[in-house]
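Colleague: Could you walk me through this model and tell me what stands behind each label you use?
Modeller: Gladly, let's look at it together.

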Amino acid sequence: MSHATTDPPAPAPLIQAPSLVQLAVEQLRRMILSGALAEGERLTEERLTEELGISRPPLREAMRTLQQEGLIEVRPRRGAVVTTLTEQDVMEILTLRSALERLAVELGVPVTVPARLERCRQALARMEREAEAADRGALVSAAYDFHSALVALAGHGRLDAAYASVQRQQRLCMARNLYTRENEYEDLVTHVKRHRRLLEVVEGGDPQAVLAELAVHGERSFLAPATVRP
């Protein structure tokens, strides 16, 4: 009588816990994008090691990562500071962004691949969660993902790459825009509702209507006096 043998179960995949450096990068990025660390603010190791509860080596590695991302810059005699965007920087970033988003709408609306639209919906759902939690840094990142998903509606790899090439600067612009709008006339939930409205127009399938909605979307409110929509 033969006995059937069974193979031992395959080991469960190992899930690597985030390192101290990764955690520090995420926290510092969130602090910069939320405005807790302001543009031009000096980043002192003594303060940050205490606030983050880590030693200097992982902090320094985290700051190098954020320097590569463009969120931190090193200045002579001042050391590491949060990156400051000039008005010329902002104008160039936003005009480039507008041109890329316009091309994406012209190529991608009406949407013919449902999965692309689902990516927009998922990013918007994240925005809604972060707004309810009042996590401004995470909200900025989710908003970038939403706009990146809009660009991806075109199914154009090089367009996606061009948009991603300035994503760090775009996030800084979005962070400044969010701060201005929230402090002047718009709470976080209302901020997300504008994006919900934009997605609804995209779902309607009329590219000209989407372009018209983008024109009044309000992402330049910190660059020039904004016209507040009723």
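Modeller: Let's start with a term: buried means under 20% relative accessible area, exposed means over 50%, and partly exposed lies in between, using a 1.4 Å probe and protein chains only. This is a predicted model, where local features need pLDDT of at least 70, side-chain atom pairs count only at pLDDT 80 or more, and totals for chains, interfaces and linings use all residues. Residues are numbered from 1 along each chain as its sequence is written, and side-chain values use heavy atoms, with hydrogens and water left out.

Colleague: Thanks! Why is Ile-32 called buried?
Modeller: Ile-32 has 5% relative accessibility, and the limit is under 20%, so Ile-32 counts as buried. Across the protein chain, buried residues make up 41% of the 230 residues.

Colleague: What does Ile-32 touch?
Modeller: Taking contact as heavy atoms within 4.5 Å, and leaving out residues up to four places away in sequence, Ile-32 touches Leu-37, Leu-66, Leu-71, Ile-72, Val-82 and Leu-172. Ile-72 is 40 residues from Ile-32 along the chain, yet their C-alpha atoms are separated by 9.0 Å.

Colleague: Which helix holds Ile-32?
Modeller: Ile-32 is found in helix α1. Helices (H or I, at least four residues) and strands (E, at least two) are DSSP runs numbered from the N terminus. The protein chain has 10 helices and 2 strands.

Colleague: Why are α1 and α3 called oblique to each other?
Modeller: Helix α1 (residues 20-34) and helix α3 (residues 56-69) pack at about 55°, with their axes 8 Å apart. Angles under 35 degrees count as roughly parallel, over 145 as roughly antiparallel, 65 to 115 as roughly perpendicular, and the rest as oblique. The angle of about 55° belongs to the rest, so α1 and α3 are oblique. Their contact includes Leu-28 and Ile-32 of α1 and Ala-62 and Leu-66 of α3. The residues of that contact divide into 11 nonpolar, 1 polar and 3 charged; Ala, Val, Leu, Ile, Met, Phe, Trp, Tyr, Cys and Pro count as nonpolar, Asp, Glu, Lys and Arg as charged, and the others, Gly among them, as polar.

Colleague: And the cysteines: what makes Cys-120 and Cys-173 buried?
Modeller: Cys-120 has a relative accessible area of 0%, so Cys-120 is buried. Cys-173, at 1% relative accessibility, therefore counts as buried too.

Colleague: How many disulfides does a search of the whole structure find?
Modeller: The search finds 0 disulfides, a disulfide being a pair of cysteine sulfur atoms within 2.5 Å.

Technical notes: Axes are lines fitted to C-alpha atoms, for helices over the stretch in contact, and angles run from 0 to 180 degrees between N-to-C directions.
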